[in-house]
Amino acid sequence: MKQFQQFVDGVFEDGTSTFESIDPATGKAWAVMPRALRDDVDRAVAAADRNLSDGDWASMTATQRGKLLYRLADLIAANAQHLAELETRDTGKIIRETSAQIAYVADYYRYYAGLADKIQGAHLPIDKPDMEVWLRREPVGVIAAIVPWNSQLFLSAVKIGPALAAGCTMVIKASEEGPAPMLALARLIDEAGFPAGVVNILTGFGDECGAHLTSHPKIDHIAFTGGPQTAKHIIRNSAENLASTSLELGGKSPFVVFEDADLESAANAQVAGIFAASGQSCVAGSRLLVQASIKERFLALLVAKAREITIGDPQDHKTEIGPLCTQKQRDHITQQVELAVVEGAELICGGIVPQGAGFYYPPTIIDCGDVDASTWTTELFGPVLSVRSFNTEEEAVELANDTPYGLASGVFTSNLSRAHRMVRRIRAGIVWVNTYRAVSPIAPFGGFGQSGQGREGGLEAVLDYTRIKTVWLRTSDEPIPDPFVMR
Ligand code: NAD
């Protein structure tokens, strides 16, 4: 079996304990990963903390930090195929998706590389003639970054890029499911020339490595992506160190199709929204709201497209749906779909676990009618679309917003005024109009409600990694007047 090493203080090491990683396409162990324990976390945090005040990183100019990030971006681009193959092997995500995503990840690093020397403080027009007052925007400190298993290279890029641009140091905990690409990324971070200990990458379990890391007294900010239940643990952990948090959580995103939409285009976008990445996407458009007048026509189009999807080996470029990442995940989806049928929903396509090895699940569509079925309300993180219909725009808005989540949404209409009205009324961090699942380093990304707080991507993201220091400098040579009066 292939052996991977964790990255602590610039050294690649086996770790005192290990665990096996499973290839989801075969269901068999294929690699051995270090299982980071408390001591590993302590050493990694100490290295990150040391780099904040001492050594090359602390004295580096922002422009030099940007150059290192550019170098890392080039290395990622040059090694994109290797990274994509590793991610596909360890998570089951199809090679078509991982290849395209990793090539784009390099651009995320380039965006933050360019931003490094544009993070500015300010000079204040203070209301006292003998004072100069200015604001320094300084790195927030040591970052604990926690990522889930899906898209780890992408979800870590939107943390590493802005954090290093701002001058922070980091300890990253990869997911225990599919961590291989993160440990390969560690090799490129080392090769790019970042000083030892600026970025540390550990692989371990949430309740031991993750819990210790996020409650560690030397952590200043926690950047978390994962499920809302885990986020509650993270917030409790942060009570120990009072670290600030940014939380990118799950979703149950509405995909609204009006009768005046281009149905062919909307159907393709819906396929992208729920079946791409086998639906294992936080922005999955898992709730289809279709206007009643076109429901039958639209569903027929969608079912035909779902049946044409090629399911198979995730390493094959022709494959469109690969296995789910874990057995547990597939069992959960199977149970929820069965429950929805018991609750009165109608299975109109898929829903049957295929025979054979690997954690495969077919593209599935469920007509919920008027039922708030479990698949309609619960984030499944799989290729399962739940459908309900509406008659009026008012009903569409009500159904769309009837969720504690608020990550993404899609609106399909050819009526410009309606599009604007929907944009204003939908409660979600992202509204895609006549498109879906588009991302860019330039555009902030994040949710409302139980989908989280803070933004990744764009200029806003860098603010989470900085803090303001206010500097007061007295310019008068006269002695300080009355010391008992506040100045
Ligand atoms: P998860 O919440 O189970 O795990 C996420 C990470 O948290 C893992 O690295 C895990 O080890 C760690 N963790 C678990 N318990 C912990 C604890 N007590 N302390 C510290 N760390 C702990 O999520 P998952 O199943 O890996 O991923 C799926 C979830 O992630 C879905 O809800 C999905 O929507 C969400 N997600 C959100 C986004 C986004 O940007 N909004 C992107 C991708 C995935």
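At 17% relative accessibility, F381 counts as buried, because the cut-off for buried is under 20% relative accessible area. The model is a predicted one, and F381 is a handy place to start looking at it. F381 sits in the loop that links helix 13 (374-377) to strand 17 (384-390). The backbone does something worth a look here too: phi of F381 is positive, about 60°, although F381 is not a glycine.

D9 makes a good companion to F381. Phi of D9 is near 50°, again a positive value in a residue other than glycine. D9 also belongs to a loop, namely the one between strand 2 (6-8) and strand 3 (11-13). As for accessibility, D9 comes out at 27% and so counts as partly exposed, since that class runs from the 20% cut-off for buried up to the 50% cut-off for exposed.

Next comes a sheet. Three strands make up an open sheet, in the order 1-5-4, and the pairing is mixed. Strand 1 (2-3) and strand 4 (18-23) are the edge strands, each with a single partner strand, so one side of each has no neighbour in the sheet. Strand 4 pairs with strand 5 (residues 28-34) in the antiparallel sense, over 6 bridges. To find this pairing in the structure, look for T18, which stands opposite P34 in strand 5. Helix 4 (residues 80-91) lies across both strand 4 and strand 5, and runs at about 115° to strand 5.

E176 brings a contact back to strand 4's neighbourhood in the numbering: leaving aside neighbours within four places in sequence, E176 is in contact with F19, G204, F205 and G206. One of these partners, G206, is 30 residues from E176 in sequence, yet the two C-alpha atoms are 7.7 Å apart in space. E176 itself is found in the loop between strand 9 (169-174) and helix 7 (180-192), and is partly exposed, with a relative accessible area of 23%. There is a polar contact as well: the side chain of E176 meets the side chain of K173 at 3.4 Å.

What about the nonpolar interior? The largest nonpolar core has 65 residues, and the members that touch the most others are I76, Y109, L164, F194 and I201. Take I76 as an example. Not counting residues up to four places away in sequence, I76 touches L83, I102, V105, A106, Y109, L185 and L188. A second, separate core is made of 34 residues, with L263, V303, I430 and W432 among them.

Helix 15 (residues 416-425) shows how a helix can have two quite distinct sides. Here R418, A419 and M422 are buried. These three cover an arc of only 105° around the axis, which puts them on the same side of helix 15. A bit of helix geometry is useful at this point: an α-helix has 3.6 residues a turn, so residues three or four places apart point the same way. On the other side of helix 15, L416 and R424 are exposed. The cover over the buried residues includes strand 13 (254-257), helix 14 (393-401), strand 18 (410-412) and strand 19 (432-433). At the start of helix 15, a side-chain oxygen of N415 comes to within 3.0 Å of the backbone nitrogen of S417.

Helix 14, part of that cover, has buried residues of its own: E393, A396, V397, L399, A400 and N401. These pack against strand 13, strand 14 (287-291), helix 13, strand 17 and helix 15. Strand 13 therefore turns up again, and both of its faces are covered, with P254 and V256 buried on one side and F255 and V257 buried on the other, given that buried means under 20% relative accessible area. Strand 13 pairs with strand 14 in the parallel sense, over 4 bridges. Within this pairing, P254 has R287 in strand 14 as its bridge partner.

The last stop is S451, in the loop between strand 19 and strand 20 (452-453). Is S451 buried or exposed? At 0% relative accessibility, S451 counts as buried. Neighbours within four places in sequence aside, S451 is in contact with L247, E248, L249, G250, G251, Y405, G406 and L407.

Notes:
Residues are numbered from 1 along each chain as its sequence is written. This is a predicted model: local features need pLDDT of at least 70, side-chain atom pairs count only at pLDDT 80 or more; totals for chains, interfaces and linings use all residues. Side-chain values use heavy atoms; hydrogens and water are left out. Two strands pair if DSSP finds at least two bridges between them. Contact means heavy atoms within 4.5 Å. Axes are lines fitted to C-alpha atoms, for helices over the stretch in contact, and angles run from 0 to 180 degrees between N-to-C directions. A nonpolar core is a set of buried Ala, Val, Leu, Ile, Met, Phe, Trp, Tyr and Cys residues joined through side-chain atoms within 4.5 Å. Buried means under 20% relative accessible area, exposed over 50%, partly exposed in between (1.4 Å probe, protein chains only). The arc is that of the directions from the helix axis to the C-beta atoms. A polar contact is a pair of N or O atoms within 3.5 Å; within protein, one must be able to donate a hydrogen and the other to accept it, and residues adjacent in sequence count only if both atoms are side-chain atoms.
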